[in-house]
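Where does this chain leave empty space, and where does it show a nonpolar face? The paragraphs below take the open space, the enclosed space, the surface and then the backbone.

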Amino acid sequence: MNFLKKYRHTWIIPVYGILYMMAFRYVEQRNVQPNIIHVKLDDYIPFCEYFIIPYLLWFFYVAATVIYFSFINKNKKEYWQLICTLGIGMTLFILVSLIYPNGQNLRPQLNGDSVFIQLVQSLYLVDTPTNILPSIHVFNSVACCIAIFRHKPFKKHKVFLGSVWILTVLIILATVFLKQHTVIDVIAAFALNLVCYQLLYRTRAVHAKEIVQA
């Protein structure tokens, strides 16, 4: 009971997670014709199976960040900034998928039997090339990176921050080098991150600065 009381602010995570997965499953299984998203730059990006490693590390990256800000970090404001950012992005992703069914046709014919190719084949089997706008892999990675870089206790750990930055960049690159997303999906994710940052970080900072100056 003490644990539930102490961490009652985290109830929204499992509740939203269940609702999100139900909604995601629905948009994935809908029998609708997707609008194909494609730009010329997509054709110049080669497929590279080795990017499956950072792509899969995304799950650990996001989970570890959420766990840290939920149960270890004492700053509830930072917790809500991260959770609300993730929630806004993932909810808008579902809405876009409902209103504008979308997909891509970039996936190559996979050849070879290396462990990396096998992992990509497994990914392609469980994740359809539909409902890709914006890229949640990109959006959540950038959101976590922002939360980590703004966390004061981490500022003195330069190696850690450098590692986080490199992992974030690799995950973003993985989305296009694995042909999971188009360049448009990546740009849309960055644009949505910018909006969320202005809403949840910058506006509060400006307001606090105005109070201090007054």
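Start with the lining of the largest pocket in this predicted model. Helix H2 supplies the largest share of that lining, with eight residues. The pocket itself holds about 870 Å³ of space. It is lined by 35 residues, and those closest to its centre are Tyr 20, Trp 58, Met 90, Ile 136 and Asn 140. Five helices each give two or more residues to the lining: H2 (12-29), H4 (52-72), H5 (76-99), H6 (115-126) and H7 (136-150). By class, the lining has 22 nonpolar residues, 10 polar ones and three charged ones.

Stay with H2 for a moment. Gly 17 is found in this helix. Is Gly 17 buried, exposed or partly exposed? Its relative accessibility is 26%, so Gly 17 counts as partly exposed; the buried class ends at 20% and the exposed class begins over 50%. Gly 17 also gives a sense of distance across the model. Gly 112 is 95 residues away from Gly 17 along the chain, and the C-alpha atoms of the two are separated by 36 Å.

Now turn to enclosed space. Rolling a probe the size of a water molecule over the atoms shows where empty space is left. How many cavities of 30 Å³ or more does the structure hold? There is one. The largest cavity has a volume of about 40 Å³. Its lining is made up of Thr 85, Ala 143, Ile 146, Ala 147, Asn 193, Cys 196, Tyr 197 and Tyr 201. Two elements, H7 and H9, give two or more residues to this lining. H9 gives the most, with four residues. Six of the lining residues are nonpolar and two are polar, with no charged residue present. H7 thus has a part in both linings, because it gives two or more residues to the pocket and two or more to the cavity, each element being a DSSP run.

Move to the surface. A nonpolar patch is formed there by Tyr 26, Ile 88, Leu 92, Leu 95, Leu 98, Ile 99, Tyr 100, Val 195 and Leu 199. Together these residues have about 820 Å² of accessible area. The elements that give two or more residues to the patch are H5 and helix H9 (183-213). H5 gives the most, with five residues. Take Leu 92, which lies in H5. Its relative accessible area is 33%, so Leu 92 is partly exposed. Patch residues need over 30% relative accessible area, and Leu 92 has 33%.

Finish with the backbone. Look at the loop between H6 and H7, where Pro 134 has its place. The peptide bond from Leu 133 to Pro 134 is cis, with omega near -10 degrees. Asn 131 lies in that loop between H6 and H7 as well. What is the phi of Asn 131? The value is positive, about 55 degrees, although Asn 131 is not a glycine. Asn 131 counts as buried, because its relative accessibility is 7%.

A further positive phi sits at Lys 179, near 60 degrees, again in a residue other than glycine. Lys 179 lies in the loop between helix H8 (158-177) and H9. Is Lys 179 buried or exposed? With a relative accessible area of 7%, Lys 179 is buried.

Note on methods: Residues numbered from 1 in each chain as written. Predicted model: local features only at pLDDT ≥ 70, side-chain atom pairs only at ≥ 80, totals over all residues. Heavy atoms only, no water. 1 Å grid on protein atoms, 1.4 Å probe; cavity = no way out; pocket = protein on both sides within 12 Å on 5 of 7 lines; lining within 4 Å. Points joined across faces, edges and corners; volume = space filled by probe spheres on them. Nonpolar A, V, L, I, M, F, W, Y, C, P; charged D, E, K, R; others polar. Patch = residues over 30% accessible without salt bridge, like charges linked within 9 Å, V, L, I, M, F, W, Y side chains within 5 Å. Areas by Shrake-Rupley, 256 points an atom, 1.4 Å probe, with all protein chains shown as cover. Salt bridge = Lys/Arg side-chain N within 4 Å of Asp/Glu carboxyl O. Buried < 20%, exposed > 50% of the residue type's maximum accessible area, 1.4 Å probe, protein only.
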